[in-house]
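Visitor: I have a model open and some questions ready. Can we go through it step by step?

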Amino acid sequence: MSYISARDTIVAFRREPVSPALPSVEQAVRSSQPSEPMYCLRPAVIRDTAARFAQDFRGDTLYAVKCNPEPTVLRAIWDGGVRHFDCASAGEVALVRSMFPDAHIHFMHPVKSRRAIREAYGRFGVRDFVLDSAAEFAKIMDETGYAEDLGLVVRIGLPPGGAMYDLSGKFGAGMEETVALLRAARPVARRLGVSFHVGSQCMDPLAYRRALQMAGEAIRLAGVAIDIIDVGGGFPVSYPDVEPPPLGAFFAEIEGALDALNLPAARLWAEPGRALVAAGASVVVQVQMRRGDALYVNDGIYGSLSDAGAPGFRFPVRRVLDVSEGDADLRAYSFFGPTCDSADHMKGPFMLPPDMAEGDWIEIGQLGAYGVCLGTDFNGFDRAQLLQVRDAPMLETPGHEPIRLAA
Ligand SMILES: *Cc1c(COP(=O)(O)O)cnc(C)c1O
């Protein structure tokens, strides 16, 4: 058995919540009066949302594990019928394999360590690897001993556009390089693919069409047979005052653009993260002080609210155990997190009742995606306590209506 570094084991041995699901966030707050942030998972929502995506998408659904690697979440995704996992590190690969011996694991990070490639292939049965450079191609071939059963997927770079979280600067080969990589990989690949990522929380279905046209151009110029077209992640969800086009509009663009490429033998993949899990968790914070319209709360950008900081995401909020009437005169608040860093600030605006005060609890929704998993223990503020609830999420996203599977 080869050596696993501490870095891999952090993810691999994360605990699953043991307590049975509570009926609601309300109930959880009432019974435990928590003075530490509480991370409330809704596994049934995740399961049913994953089932909806997997059923409606005309191809294989690969869950992007980095978005939320909590074992309870992975289990819910599996229970929703998803059998493919997009992993991006040795730790994620080990975690998914430890939970699901039969899962199809795809290593979709374009820059991997040699050891991660070697172990993924040799020890965890991974066959599909993404690459966006000749150097990575050489690494993959080296570390798999020039294996003849590889799936090689070339990630093509896209210009920025349409997404709230731009991913265009870091990964992806240019057109010429893509063509060269496709030609070089074809003779050694058991299956050859092209992938891209349009950016996260992409609001524009046409972004997928444009990306598929670029992929088609690369394939045409390379003149090689293609087995996989991978449209990546990026599928958006609702946030306050942000209502994306329904999921079906994205799928329609993808199917239309793919049909136009006339590659009937190619299998379609997607790598959704956010779309499957965002609605599946809330964080409950407590107000420790109010200063004007700023609320000092016990979780922040170094905890589960990273995206509420510099990226400027607004999340749905409500006061838990609220006794005030109606929401006619909600007031705009900003939040400060618990650390001493003045960057630990979330400008919102977060709409809450005018009489918010110390001790109040706030449920912050849509944090199943890129929430607790981005947290650190900076300044002695550890991760949120994990529990499960059965109530409905704070926001629904059009076209994500869950398929209610039997529990
Ligand atoms: C992060 C990531 C995803 C998931 O993106 P979402 O916007 O959460 O759907 C998919 N594929 C790759 C390669 C990623 O890096």
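Visitor: Which backbone oxygen does the side chain of Lys112 reach, and at what distance?
Guide: This is a predicted model, and the values below are computed from it. Lys112 sits in the loop between strand 4 (104-107) and helix 6 (114-122). A polar contact needs N or O atoms within 3.5 Å. The Lys112 side chain meets that with the backbone oxygen of His109, at 2.6 Å.

Visitor: Is Lys112 buried or exposed?
Guide: The cut-off for buried is under 20% relative accessible area. The relative accessible area of Lys112 is 3%, so Lys112 counts as buried.

Visitor: Now the ligand. Which residues come nearest to it?
Guide: The ligand has 14 residues around it. Sorted by type, this shell holds four nonpolar, five polar and five charged residues. Those that come nearest are Lys66, Ser200, Gly234, Glu271 and Tyr370.

Visitor: What is the distance from an oxygen atom of the ligand to an N or O atom in the side chain of Ser200?
Guide: Ser200 is among the residues that come nearest to the ligand. Its side chain offers an N or O atom to a ligand oxygen. The separation is 2.4 Å.

Visitor: Which residue has a backbone N or O atom 2.9 Å from an oxygen atom of the ligand?
Guide: Tyr370 uses its side chain, with an N or O atom 2.6 Å from a ligand oxygen. The pair at 2.9 Å involves a backbone N or O atom instead. That residue is Arg274.

Visitor: How much of the ligand does the protein bury?
Guide: Start from the ligand taken alone, which exposes 390 Å². The space it takes is the largest pocket. Of the ligand's exposed area, the protein buries 91%.

Visitor: What is the phi of Tyr370?
Guide: Tyr370 lies in the loop between strand 17 and strand 18. Its relative accessible area is 14%, so Tyr370 is buried under the 20% cut-off. Tyr370 is not a glycine, yet its phi is positive, about 50°.

Visitor: Which residue in the loop between strand 17 (361-364) and strand 18 (385-388) has 2% relative accessibility?
Guide: The residue has a positive phi of about 60° and is not a glycine. At 2% relative accessibility it counts as buried. The residue is Gln366.

Visitor: Where is the cis peptide bond that has an omega of about 0°?
Guide: One partner, Pro349, has its place in strand 16 (residues 345-352). The bond joins that proline to Gly348. The cis bond is Gly348 to Pro349.

Visitor: How many residues of helix 4 (residues 71-79) are buried?
Guide: The buried set includes Pro71, Leu74 and Trp78. Gly81 follows the helix, with a positive phi near 100°. Helix 4 is mostly covered, and the buried count out of nine is seven.

Visitor: Why is helix 5 (residues 90-99) largely enclosed by the rest of the structure?
Guide: Glu92 and Arg97 are among the buried residues of helix 5. Helix 5 is largely enclosed because, of its ten residues, the number buried is nine.

Visitor: What separates the C-alpha atoms of Ala180 and Ala134?
Guide: Ala180 is placed in helix 8 (residues 175-185). At 45% relative accessibility, Ala180 counts as partly exposed. Ala134 is 46 residues away along the chain. The C-alpha separation is 8.7 Å.

Key:
Residues are numbered from 1 along each chain as its sequence is written. This is a predicted model: local features need pLDDT of at least 70, side-chain atom pairs count only at pLDDT 80 or more; totals for chains, interfaces and linings use all residues. Side-chain values use heavy atoms; hydrogens and water are left out. A residue is near a molecule or strand if one of its heavy atoms lies within 4 Å of it. A polar contact is a pair of N or O atoms within 3.5 Å; within protein, one must be able to donate a hydrogen and the other to accept it, and residues adjacent in sequence count only if both atoms are side-chain atoms. Accessible areas come from the Shrake-Rupley method with a 1.4 Å probe; for residues, only the protein chains shown count as cover. On a 1 Å grid over the protein atoms alone, a cavity is a set of points where a 1.4 Å probe fits but cannot get out, and a pocket is an open set with protein on both sides within 12 Å along at least five of seven lines; lining residues have an atom within 4 Å of a point. A molecule sits in a cavity or pocket if more than half of its atoms lie within 2 Å of its grid points. Ala, Val, Leu, Ile, Met, Phe, Trp, Tyr, Cys and Pro count as nonpolar, Asp, Glu, Lys and Arg as charged, and the others, Gly among them, as polar. Buried means under 20% relative accessible area, exposed over 50%, partly exposed in between (1.4 Å probe, protein chains only). Helices (H or I, at least four residues) and strands (E, at least two) are DSSP runs, numbered from the N terminus.
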